[in-house]
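Grab a pencil and try these short exercises on strands and turns. Have a go at each task before you read its solution.

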Amino acid sequence: MSLRAASIALCLCLAACAGPGLRPPPGAWAEQRPQLEQFERFRLQAKVALRWPEGAETARLSWEQRGEDTDLTLAGPFGAGAVAIERRGARLEVRDGDSRRTLPADDPDALAAATGWPVPVEALAWWLRGLPDPAGPRARLRYDEGLPQRLEQGGWTVSYGRFGRVDGLLLPLALTLRYPAGALELRLAAAQWQAGAGE
């Protein structure tokens with residue numbers, strides 16, 4: 001797999017983040033859920049690792065979310081193989097060096113054809129917050145001690161670990177995404193959250 005293909009998969013399918021964990025009192029996460037649903041402006045920078053049966057890749061990820069607008073940049077070691085993905089409404093633009101492609105944002109099959117991977121762009125902004133995508137297929141969400149533990153939606157499985165506070169909200173600090181049936185696993189480490197992107 002090329003770094004470009006791995007990069008696109010990585011930047012859109014996140015996993016496990018290092019850092020001290022936080023276990024709030026039972027019910028604390030449920031009480032903040034309405035605020036989480038409105039937490040639509042944030043920045044996330046992290047080191048991301050992808051594993052698949054034939055190998056592995058690592059990269060640096062920068063994710064900025066402003067409502068429905070998404071800007072992602074992912075690069076290999078020393079900035080090599082940088083890929084930028086921009087979502088504006090129904091349009092998804094992928095930039096790789098001098099190459100630029102425009103695709104429908106709500107069609108994972110189109111992005112899969114262009115990159116080799118099915119990518120749930122819209123859903124990831126919700127999964128990062130520990131929430132199912134309200135516009136996606138029916139989801140199953142399990143809890144442990146009042147916190148999300150496992151989310152299944154659209155063929156993906158998201159397993160949550162540690163949580164921490166970002167702008168007063170409890171957000172996942174560790175999660176693992178797998179699709180399908182464990183063939184693809186993505187991990188996110190050394191994450192740094194910042195609330196209020198674009199403000």
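**Exercise 1.** Work out how many bridges join strand 8 to strand 9, and which way the two strands run.

*Solution.* Start with the pairing: in this predicted model, strand 8 and strand 9 (residues 156–160) are joined by 4 bridges. Next, the direction: the two run antiparallel. Now pick out a pair of residues: opposite Q153 you'll find W156 in strand 9. Finally, look at the turn: this hairpin has 2 residues between its strands, and G154 takes a positive phi near 60 degrees.

**Exercise 2.** Do the same for strand 7 and strand 8, and find the bridge partner of R140.

*Solution.* Strand 7 covers residues 140–144 and strand 8 covers residues 147–153. They run antiparallel, with 5 bridges joining them. R140 has E152 in strand 8 as its bridge partner. These strands form a hairpin too, with 2 residues between them.

**Exercise 3.** Which residue in the turn between strand 7 and strand 8 has a positive phi?

*Solution.* Go to the loop between strand 7 and strand 8, and you'll land on E145. Its phi is positive, about 55 degrees, even though E145 is not a glycine.

**Exercise 4.** Is D167 buried or exposed, and what is its phi like?

*Solution.* First, place the residue: D167 sits in the loop between strand 10 (163–166) and strand 11 (169–172). Then check the backbone: D167 isn't a glycine, yet its phi is positive, at about 55 degrees. Last, the surface: D167 has a relative accessible area of 63%. Exposed means over 50%, so D167 counts as exposed.

Definitions and conventions: Residues numbered from 1 in each chain as written. Predicted model: local features only at pLDDT ≥ 70, side-chain atom pairs only at ≥ 80, totals over all residues. Heavy atoms only, no water. Pairing = 2+ DSSP bridges. Buried < 20%, exposed > 50% of the residue type's maximum accessible area, 1.4 Å probe, protein only.
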